[in-house]
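Subject: Structure for you to look at

Hello,

Here is the structure I promised to send over. Please open it next to this message, and my notes follow below.

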Amino acid sequence: VTLTFYEQTGIRKIVSGMAGISLMELAKANDIAGIDGDCGGACSCGTCCVIIENSAAMNLEQVSDAELGILEFVSDDIVEGQRLACQIDVTNILEGAVIKVAT
Ligand code: FES
C-alpha cells in the first residue's frame, strides 16, 4: 500500500507499507512528524490525529465512541476525514490516499 502524508509544515512524504499494521504504526515507522502515538494505539492519547482526504469514498472502519471522544478532546471542530490513525488498519482501501497530520 502506498500513500502520501503531509506533515503540518507542508512537507510531503510518500510511504509504502504492508497491510496488517495501523496507520499510526506506518506513520511512525516512516518518521512522520506530528504522529507520536504516545498511548501505543490504545485510543487514549490523541497524538495520532490525521485528516484523510476523500475518506467518504473509502470504506473505512466506523468511528467508535472511544475514538470520537478523543477526537472531541483534541479538536474543537472535527472536520470530515479526521481520524485517529491508530484506529485505521492499513489495507488496500488506503492505496493512493492523501493524509494530513492534524495534531
Ligand atoms: Fe494514542 Fe492513537 S496512538 S490515540
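How many bridges join β1 to β2, and do they run parallel or antiparallel? There are five bridges, and the two strands run antiparallel. One caution before the rest: this is a predicted model.

**The hairpin**

β1 covers residues 2–6, and β2 covers residues 12–16. One pairing to look up is L3, whose bridge partner in β2 is V15. Five residues sit between the strands of this hairpin. Look at G10 there: G10 takes a positive phi near 95°. β2 has five residues, and the number buried is zero, so this strand lies largely in the open.

**Overall layout**

The protein has two helices and five strands. Starting at the N terminus, their order is β-β-α-β-α-β-β. The C-alpha trace spans about 30 × 25 × 25 Å along its principal axes. The radius of gyration is 12 Å; a compact globule of 103 residues would have one near 13 Å, so the protein agrees with that. Of the 103 residues, 27% count as buried. Now take the contacts with a separation of 6 or more: residues 24 or more positions apart account for 69% of them.

**The core**

The largest nonpolar core holds 23 residues. Which of them touch the most other members? They are L23, M24, A27, I35, C48, V50 and A85. Four elements give two or more residues each: β1, α1 (23–29), β3 (49–52) and β5 (98–101). α1 supplies the largest share, four residues. As a general point, nonpolar side chains tend to be buried together in soluble globular proteins.

A27 is a good residue to click on. Leaving aside residues up to four places away in sequence, A27 touches F5, I32, I35 and A85. Of these, I35 and A85 are also among the core residues that touch the most other members.

**A29**

Is A29 buried or exposed? A29 is found in helix α1, the element with the largest share of the core. Even there, A29 counts as exposed, because it has 11 C-beta neighbours inside 10 Å; the cut-off for exposed is 12 or fewer. A29 also has a partner to check in space. G17 is twelve residues from A29 in sequence, and the two are 9.2 Å apart, C-alpha to C-alpha.

That is what I found. Send me your questions once you have had a look.

Best wishes

Methods:
Residues numbered from 1 in each chain as written. Predicted model: local features only at pLDDT ≥ 70, side-chain atom pairs only at ≥ 80, totals over all residues. Core = buried A, V, L, I, M, F, W, Y, C linked by C-beta atoms within 7 Å. Buried ≥ 20, exposed ≤ 12 C-beta atoms within 10 Å, placed from the backbone. Contact = placed C-beta atoms within 7 Å. Pairing = 2+ DSSP bridges. Rg over C-alpha atoms; globule rule 2.2 N^0.38 Å.
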